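Open the model in your viewer and keep the selection box at hand. Each stop says what to select and what is there.

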Amino acid sequence: MIQIRDLHKKFGPLEVLKGINLQIDQGKVLVIIGPSGSGKTTLLRCLNLLELPNRGSIQIGDVQLEFSEGRKLKHSEVLALRKKTGMVFQSYYLFPHMTALQNVMEAQIQVQRKSKEEARTRTMELLNKVGLGERADFYPHQLSGGQQQRVGIARAMAVNPEVLLFDEPTSALDPELVGEVLKVMKGLAQEGRTMVIVTHEMKFAAEVADRVLLMDEGTIIESGTAREVLENPASERARAFLNRIA
Ligand code: ADP
């Protein structure tokens, strides 16, 4: 489903991704962990071209893009890859002047050109799925952080992406609100959605991940099952990181 080869990303002189290779099969959950600043968010943002890689290739489903210095992507290429992914951000970025319903309907109408009725039906399905059917007409400021983030998840799913990307979706939440968001994500994992999740929630990672990657300084230093990486890491650097966050 996803194949990344030799992906490089620089910000000026700073090389943030130093040749990332990874593969995710359809229906699997990949969890990415690692110290702050190791490049996890940049990698996710490259997957939907919020950041443009300098080198390497990304394939998601039937779309494959090659990157090289100086090569400009066509707008159609950017859109083709973006359509494949739905992103859930650390902060929810809901439109404050729109209700939960309108937030989730927006892209279906603007991007997918669905009729209002069709979009509304799909949106209610999604809001029910994340446990917020009753709050469809609430504005973001009338919802808790956990509820807003669940709307964010519904919104990411609204255009039927093949892959869901989560960038530390619970790290901006009060601790008591983390569980409800993780529960929704666990449900999606059990449904067989393909997901890439950056998180510091190790217990959650151990429960849902088919594979775990541990990044450090722009490279993948460990890759394997949750048990292999979290309980039995091969490298000293990985052990040091896991001890720090334990
Ligand atoms: P992580 O998600 O693992 O914390 P990031 O991908 O956010 O790591 O960041 C990796 C490195 O790239 C950090 O040193 C960060 O300061 C730098 N960085 C991230 N985004 C930018 C940007 N837009 N411009 C310059 N430097 C950036």
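Begin with H3 and H4: H3 passes H4 in a right-handed crossing. This is a predicted model. Select residues 116–129 for H4; the axes of H3 and H4 come within 9 Å and cross at roughly 125°. That angle makes H3 oblique to H4, because it falls in none of the parallel, antiparallel or perpendicular ranges.

Now show the side chains. H3 contributes Ala100, Leu101, Val104, Met105, Gln108 and Ile109 to the contact. From H4 come Lys116, Ala119, Arg120, Arg122, Thr123, Met124, Leu126 and Leu127. Colour by class: the contact of H3 with H4 divides into 9 nonpolar, 2 polar and 3 charged residues.

**Next: H3 against H5**

Keep H3, residues 100–110, and add H5, residues 145–157. Their axes come within 8 Å and cross at roughly 25°. H3 is therefore roughly parallel to H5, the cut-off being under 35 degrees. This crossing is right-handed.

Which residues of H3 meet H5? Pick Ala100, Asn103 and Val104 in H3; they meet Val151, Ala154 and Arg155 in H5. The contact of H3 with H5 holds 4 nonpolar residues, 1 polar and 1 charged.

**Next: H5 against H6**

Hide H3 and bring in H6. H5 and H6 pack at an angle of about 20°, with their axes 8 Å apart. So H5 is roughly parallel to H6. H5 passes H6 in a right-handed crossing.

Select the H5 side of the contact: Gly145, Gly146, Gln147, Gln149, Arg150, Ile153 and Met157. Then select the H6 side: Leu177, Glu180, Val181, Val184, Met185 and Leu188. By class, the contact of H5 with H6 has 7 nonpolar, 4 polar and 2 charged residues.

**Next: the six-stranded sheet**

Switch to a cartoon view. Here 6 strands form an open sheet. Read across in the order S6-S7-S8-S3-S9-S10; the pairing is mixed. Where are the edges? Select 85–88 for S6 and 219–224 for S10; each of these edge strands pairs on one side only. From one strand to the next, the twist averages 20°.

Zoom in on S9, residues 211–216, and its neighbour S10. They pair in the antiparallel sense over 5 bridges. To check the register, pick Leu213: its bridge partner in S10 is Ser223.

Now add the helices that pack on this sheet. H1, residues 40–47, touches S3 (29–33), S6, S7 (163–167), S8 (194–198) and S9. The direction of H1 makes about 150° with that of S7. H6, residues 175–190, also packs on the sheet, touching S3, S7 and S8. The direction of H6 makes about 145° with that of S8.

**Next: the four-stranded sheet**

Another open sheet has 4 strands in the order S2-S1-S4-S5, with antiparallel pairing. Its edge strands are S2 (14–24) and S5 (63–67), each pairing on one side only. Neighbouring strands are turned by 15° against each other on average, direction ignored.

Start with S1 and S2. They pair in the antiparallel sense over 8 bridges. Pick Lys10; the bridge partner in S2 is Glu15. The two strands form a hairpin with 2 residues between them. What is the sign of phi at Gly12 in the turn, positive or negative? For Gly12, phi is positive, at about 55°.

Move to S4, residues 55–60, and S5. Again the pairing is antiparallel, over 5 bridges. Gln59 has Gln64 as its bridge partner in S5.

Two helices lie across strands here. H1 lies across S1 (2–11), S2 and S4, running at about 120° to S1. H1 is also the helix you saw packing on the six-stranded sheet. H2, residues 75–82, lies across S4 and S5, running at about 125° to S5.

**Last stop: the annotated span**

Select residues 2–242. UniProt, in an unreviewed entry, places the feature "domain: ABC transporter" there. What share of the span is helix, and what share strand? The span is 37% helix and 26% strand. Mark the two end C-alpha atoms; they lie 27 Å apart.

Note on methods: Residues numbered from 1 in each chain as written. Predicted model: local features only at pLDDT ≥ 70, side-chain atom pairs only at ≥ 80, totals over all residues. Heavy atoms only, no water. Axes fitted to C-alpha atoms, helices over the stretch in contact; angles between N-to-C directions. Parallel < 35°, antiparallel > 145°, perpendicular 65-115°, else oblique. Left-handed = near helix turned anticlockwise from the far one by under 90°. Contact = heavy atoms within 4.5 Å. Nonpolar A, V, L, I, M, F, W, Y, C, P; charged D, E, K, R; others polar. Pairing = 2+ DSSP bridges. UniProt positions renumbered as here; feature names shortened; annotations may be inferred.
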